[in-house]
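Colleague: I am new to this structure. Please pick a single part, look at it closely, and show me how it sits in the whole.

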Amino acid sequence: MSQSLAWLMLVIAGALDVGWAISMKYAEGYTRVGWSLASLVLLAAFVFLLGRALKVLEVGVAYSVWTGIGAAGTFLMGVVLFGEALSAMKLVGIVLFLTGIAALKLA
């Protein structure tokens, strides 16, 4: 597998992680069957893609990038979908977080 394909899989795994977190919220403690099943499918998909990407990428960088995508994406989706609080300090934190991810990718 090429580096480019591994990075693509990693980014998709990060996006699926966001979907997984949001589906857990909608599953309401795994009491809603449809959302619960969606959550489990998304979990399996991102673990599979992350594992494949780790065959090529350094584990420290890949895991950091994956968790960063998941954390930043989930934060932003929480604001958009659930009206969670957004402040200037939170935005600064997300920007710093994403800057760190970019630095890891470029290193």
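Modeller: The answer starts with the whole protein, then turns to one helix and its surroundings.

This is a predicted model: local features need pLDDT of at least 70, side-chain atom pairs count only at pLDDT 80 or more, and totals for chains, interfaces and linings use all residues. Residues are numbered from 1 along each chain as its sequence is written, and side-chain values use heavy atoms, with hydrogens and water left out.

Take the whole first. The protein has four helices and zero strands. Its pattern along the sequence reads α-α-α-α. Helices (H or I, at least four residues) and strands (E, at least two) are DSSP runs, numbered from the N terminus. The C-alpha trace spans about 40 × 35 × 15 Å along its principal axes. Of the 107 residues, 28% count as buried. Buried means under 20% relative accessible area, exposed over 50%, and partly exposed in between, with a 1.4 Å probe and protein chains only. Contact means heavy atoms within 4.5 Å. Of the contacts between residues at least 6 apart in sequence, 69% join residues at least 24 apart.

Now the part to look at: helix α1. This helix covers residues 3-27, which makes 25 residues. The expected span of a helix is 1.5 Å times one less than its number of residues. For α1 that gives 36 Å, and the end C-alpha atoms are 35 Å apart, which agrees.

Which residues of α1 are buried? They are A6, W7, M9, L10, A13, G14, D17, V18, I22, S23 and A27. An α-helix has 3.6 residues a turn, so residues three or four places apart point the same way. The buried residues of α1 pack against α2, α3 (59-82) and α4.

Begin with A6. This α1 residue counts as buried because its relative accessibility is 0%. Beyond its neighbours within four places in sequence, A6 touches M1, A53, V56 and L57. A6 and L57 are 51 residues apart along the chain, yet their C-alpha atoms are separated by 6.9 Å.

V56 shows the other side of that contact. V56 sits in the loop between α2 and α3. Its relative accessibility is 27%, so V56 counts as partly exposed. Setting aside neighbours within four places, V56 meets M1, S2, Q3 and A6. V56 and M1 are 55 residues apart along the chain, with 7.2 Å between their C-alpha atoms.

Next, the neighbour helix α2. S39 lies in this helix, residues 33-53. With 0% relative accessibility, S39 counts as buried. Its contacts outside four places in sequence are W20, S23, M24 and Y30. One of them, S23, is among the buried residues of α1.

What comes after α1? E28 follows the helix, and its phi is positive, near 50°. Most residues other than glycine have a negative phi, and most peptide bonds are trans. E28 is not a glycine and lies in the loop between α1 and α2. Y30 is in that loop too. Its phi is also positive, near 60°, and Y30 is not a glycine either. At 40% relative accessibility, Y30 counts as partly exposed.

Then there are the rings. Rings of Phe, Tyr and Trp (its six-membered ring) pair if their centres lie within 6.5 Å; planes under 30 degrees apart count as stacked, over 60 as edge-to-face and the rest as tilted. The structure holds five aromatic pairs. In one of them, F46 and W66 are tilted, at 5.2 Å centre to centre and 40° between the planes. F46 belongs to α2 and W66 to α3, so the pair ties together parts 20 residues apart in sequence. Both F46 and W66 are buried. Ring pairs link W20, F46, Y63 and W66 into a cluster. W20 is also one of the contacts of S39.

Last, a residue in α4 for contrast. M89 sits in α4, residues 88-106. Its relative accessibility is 67%, so M89 counts as exposed. M89 and W66 are 23 residues apart in sequence and 23 Å apart in space, C-alpha to C-alpha.
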